[in-house]
Amino acid sequence: MRAGRHEWAVALPLPLLALLSGCGGIQTIGGREGRDAALINDLFTLFCIVTGIFFAAIMAFLFAAYWRRRGWRADRMAEEDERLAAPSRGGALRVGMFLWTGAVVGGLMGLAVASFFTDRGLAHPNSDNKPVVSIELTGNQWWWDAKYHFHDPSKDFRTANELHIPLGAATYIVLKANDVIHSFWVPNLAGKQDLIPGHLNDIVLVPTRAGHYRGQCAEYCGLQHAHMALDIVVDTPADYQRWVARQQQTAPPPADPQARAGYVYFMNKQCSACHTIAGTPAGGQVAPDLTHVASRATIAAGTLPNTVGSMHAWVADPQGVKPGNNMPYIGLNADELHAVVAYLETLK
Ligand code: CUA
């Protein structure tokens with residue numbers, strides 16, 4: 001069946017709409033919620049406009065040449081060529097070529113200068129934004145280990161897979177990797193920066209709009225590379241201070257009997273060998289810090305929403321949820337599973 005004209009009119013813009021619908025939301029390259037992202041997007045827009053104008057001009061010349069040639073007769077081609085090559089037309093052609101060459105050189109120079117200034121802007125973010133937050137972020141297969149540093153080291157704390165940063169201030173992040181190369185990428189806020197084993201990298205984030213954004217490891221790092229996401233919450237300065245104050249608190253002892261049973265299991269079985277819960281004997285450093293795990297938006301580095309159901313699924317069978325990750329199958333019975341989850345849910 002042939003599609004009618006109206007069907008085509010509807011169908012043709014669909015791929016375009018699909019593309020545009022990707023430009024919005026918590027993880028998008030069209031985002032302008034950070035200073036760097038805005039700089040990069042301005043440069044990208046300029047490139048699109050300038051190259052779009054040249055593309056349109058070249059297409060216009062191509063079609064003009066095609067339509068002109070159509071009316072000509074093959075037996076008079078030699079005559080036409082001679083007419084075009086006449087000295088009287090040479091002047092106009094030469095001027096046209098000069099103008100075109102000038103436009104190409106000018107356009108390329110303009111893009112080079114714009115690229116230079118964007119690059120300078122990205123390289124010197126501290127001239128008017130002294131960093132007020134300092135974070136050490138380490139990439140692991142496949143999760144993010146974050147340490148917040150303060151002038152008074154007794155206020156330092158550790159968290160995982162979710163960063164909070166204050167609106168309108170600069171956050172300085174040192175990037176490290178424990179195993180393989182990862183890449184820190186929160187497109188709404190800034191460009192990418194690699195995390196390389198044995199090498200220190202850094203990035204400065206200057207968010208300009210409060211909100212919840214999603215970061216994603218942008219360097220293939222093994223089986224669960226796609227499940228190495230990062231939640232980034234840009235808080236107002238007051239909300240940020242409240243979040244920091246809560247993160248600096250240690251975990252309270254559980255009051256509820258079921259949570260208490262979960263606490264005992266956690267401390268006496270494998271869990272505490274890998275995970276830290278501040279204020280308890282659990283001090284393992286090779287897995288995410290769980291001191292405030294229940295306050296986070298997701299678990300397993302963005303793999304599941306942080307609900308009681310997800311937590312059961314994750315603790316019961318981490319290899320079923322995220323095959324290949326380093327959390328082993330523990331083999332808890334139903335009572336132990338409910339108890340451990342009940343305890344984890346107290347870690348707000
Ligand atoms: Cu870490 Cu990809």
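**Figure 1. Asn-161, a buried residue with positive phi.** Asn-161 is buried, its relative accessible area being 7%. The model shown here and in the other views is predicted. Asn-161 sits in the loop that runs between S3 and strand S4 (162–166). Its phi is near 60°, a positive value in a residue other than glycine. Most residues other than glycine have a negative phi.

**Figure 2. Ala-301, in the loop between S11 and strand S12 (304–305).** Phi of Ala-301 is near 55°, and this residue, too, is not a glycine. Ala-301 has a relative accessible area of 1% and is therefore buried, the cut-off being under 20%.

**Figure 3. The cis peptide bond between Gln-141 and Trp-142.** Omega of this bond is about 0°. Trp-142 is placed in the loop between S1 and S2. Most peptide bonds are trans.

**Figure 4. The salt bridge of Lys-176 and Glu-136.** The structure holds nine salt bridges; this view and the next two show pairs from that set. Side chains of opposite charge can pair when their charged atoms come close. Between the side chains of Lys-176 and Glu-136, the N to O distance is 2.8 Å. Lys-176 belongs to strand S5 (residues 170–177) and Glu-136 to strand S1 (residues 131–140), so the salt bridge ties together parts that are 40 residues apart in sequence. Glu-136 is buried, with 15% relative accessible area, whereas Lys-176 is partly exposed at 28% relative accessibility.

**Figure 5. Asp-145 and Arg-158, paired across strands S2 and S3.** The two side chains form a salt bridge with an N to O distance of 3.0 Å. Asp-145 lies in strand S2 (residues 143–149) and Arg-158 in strand S3 (residues 157–160), so the pair links parts that are 13 residues apart in sequence. Both Asp-145 and Arg-158 are buried. Through salt bridges that share partners, Asp-145, Arg-158 and Asp-289 are joined into one network.

**Figure 6. The salt bridge between Asp-119 and Arg-120.** The closest N and O atoms of this pair are 3.7 Å apart. Asp-119 is partly exposed, with a relative accessible area of 43%. Arg-120 is also partly exposed, at 35% relative accessibility.

**Figure 7. The largest pocket and its lining.** The volume of the largest pocket is about 590 Å³. The lining comprises 32 residues, of which His-275, Ala-287, Pro-288, Trp-314 and Met-327 are the closest to the pocket centre. By class, 23 of the lining residues are nonpolar, seven are polar and two are charged. At least two lining residues come from each of helix H8 (271–274), strand S11 (298–299), helix H9 (308–316) and helix H11 (334–344). H9 gives the most, with three residues. Domain 1 (27–66 + 113–237) and domain 2 (257–344) each contribute at least three residues to the lining.

**Figure 8. Helix H9 and the elements that cover it.** The buried residues of H9 include Ser-310, Met-311, His-312, Trp-314 and Val-315. Among the elements covering the buried residues of H9 are S11, S12, helix H10 (318–321) and H11. An α-helix has 3.6 residues a turn, so residues three or four places apart point the same way. Trp-314 of H9 also appears in the previous view, as one of the residues closest to the centre of the largest pocket.

**Figure 9. Gly-168 in the loop between S4 and S5.** Gly-168 is exposed, with a relative accessible area of 52%. The C-alpha atoms of Gly-168 and Val-206 are separated by 6.2 Å, while the two residues are 38 residues apart along the chain.

**Figure 10. The whole protein chain, for orientation.** The chain has eleven helices and twelve strands. Of its 348 residues, 38% count as buried. Among contacts between residues at least 6 apart in sequence, 63% join residues at least 24 apart.

Terms used:
Residues are numbered from 1 along each chain as its sequence is written. This is a predicted model: local features need pLDDT of at least 70, side-chain atom pairs count only at pLDDT 80 or more; totals for chains, interfaces and linings use all residues. Side-chain values use heavy atoms; hydrogens and water are left out. A salt bridge is a side-chain nitrogen of Lys or Arg within 4 Å of a carboxyl oxygen of Asp or Glu. Buried means under 20% relative accessible area, exposed over 50%, partly exposed in between (1.4 Å probe, protein chains only). Helices (H or I, at least four residues) and strands (E, at least two) are DSSP runs, numbered from the N terminus. On a 1 Å grid over the protein atoms alone, a cavity is a set of points where a 1.4 Å probe fits but cannot get out, and a pocket is an open set with protein on both sides within 12 Å along at least five of seven lines; lining residues have an atom within 4 Å of a point. Grid points are joined across faces, edges and corners, and a volume is the space filled by probe spheres set on the points. Ala, Val, Leu, Ile, Met, Phe, Trp, Tyr, Cys and Pro count as nonpolar, Asp, Glu, Lys and Arg as charged, and the others, Gly among them, as polar. Domain bounds come from an automatic or database domain assignment. Contact means heavy atoms within 4.5 Å.
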